[in-house]
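Work through the exercises below with the model open. Each task is followed by a solution in steps.

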Amino acid sequence: MNTIYKIIELFKSFLLEVGELSYFAGRFFKEAFKHPSEFKEFLRQCFYMGNRSLLLVSVTGFIIGLVFTLQSRPTLQEFGAVSWMPSMVSISLIREIGPIITALICAGRIGSGIGAELGSMRVTEQIDAMEVSGTNPFKYLVVTRILATTFMLPILVFFGDTIAIFGSFLVENIKGNVSFLLYYNQVFDALEFGDLIPATIKTFFFGFAIGLVGCFKGYYCKKGTAGVGLAANSAVVFTSMLLFIIDFVAVFITDIFYDL
């Protein structure tokens, strides 16, 4: 009986949090189109998020390209299909692996940072002080960060995909003596707009989810300084789960349009 009661309570708390997050998202869309705009803060957040995440995304993308090619090459060699390597790598990276891996990295790097930053501002009453002084803290702190993650993540994904494909080329160049021009010609010959457009569109939703959850967890942080760590941790966990849900929905919708 106690187990059933706990399950019911967990389900109720989950639904309550989903409702609060939906209300938070609605407030974002309401505040985003109001004047004055915090354009300078938006640009500062774009630079901060992009600059701080660029090295991590680059290293991760490069290693993914190396490992993916090294693991796939022996199997393709057994079937005499090594020439298909550039096509397979490019389509796999750009359609699925690149966007979701980069989004998960940014969820850990950016989402946790936003949650901890806003959480510390909440527990030290800096947000309350902004409200008393007449500043709109939601617009200055939340709207700018969500917009920054929404617009910066597609750029980071594009950069990570490029580095990953370059890492794959290095393996092919060493193992199979493939030239740079030949490899990239095969990469671009394999890609179509049907591969690029859905993958690019879903990265905007990934970025929005990262910023939204990170800001939500930090803005409503409670329980003093201990809540700051909890906000950062729960932002990463909740965002990671949400990213997989968004990715599934995006793939499902794309598959429907391809079937048509």
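**Exercise 1.** By class, how many nonpolar, polar and charged residues does the lining of the second largest pocket have?

*Solution.* The model is predicted: local features need pLDDT of at least 70, side-chain atom pairs count only at pLDDT 80 or more, and totals for chains, interfaces and linings use all residues. Residues are numbered from 1 along each chain as its sequence is written, and side-chain values use heavy atoms, with hydrogens and water left out.

Step 1: find the site. On a 1 Å grid over the protein atoms alone, a pocket is an open set of points with protein on both sides within 12 Å along at least five of seven lines; a cavity is a set where a 1.4 Å probe fits but cannot get out; lining residues have an atom within 4 Å of a point.

Step 2: list the lining. It has 15 residues, and I94, F158, D161, T162 and L196 lie nearest the pocket centre. α5 gives the most, six residues.

Step 3: sort by class. Ala, Val, Leu, Ile, Met, Phe, Trp, Tyr, Cys and Pro count as nonpolar, Asp, Glu, Lys and Arg as charged, and the others, Gly among them, as polar. The result is 11 nonpolar, three polar and one charged.

**Exercise 2.** Describe the largest pocket.

*Solution.* Step 1: take its volume, about 440 Å³. A volume is the space filled by probe spheres set on the grid points, which are joined across faces, edges and corners.

Step 2: read the lining. Among its residues are E17, E20, K217, K222 and K223. Helix α8 (226-259) gives the most, with four residues. Helices are DSSP runs (H or I, at least four residues), numbered from the N terminus.

Step 3: sort by class. The lining has five nonpolar, two polar and five charged residues.

**Exercise 3.** Compare the linings of the enclosed spaces.

*Solution.* Step 1: count them. There are two cavities of 30 Å³ or more.

Step 2: take the largest, about 70 Å³. Helix α3 supplies the largest share of its lining, five residues. Six lining residues are nonpolar, five polar and one charged.

Step 3: take the second largest, about 50 Å³. Here α5 gives the most, five residues. The split is eight nonpolar, two polar and no charged.

**Exercise 4.** Is S112 buried or exposed?

*Solution.* Step 1: place S112 in helix α3 (residues 85-123).

Step 2: apply the cut-offs. Buried means under 20% relative accessible area, exposed over 50%, partly exposed in between (1.4 Å probe, protein chains only). S112 is at 17%, so it counts as buried.

Step 3: list its contacts (heavy atoms within 4.5 Å). Leaving out residues up to four places away in sequence, S112 touches A107, A232 and V236.

Conventions:
Helices (H or I, at least four residues) and strands (E, at least two) are DSSP runs, numbered from the N terminus.
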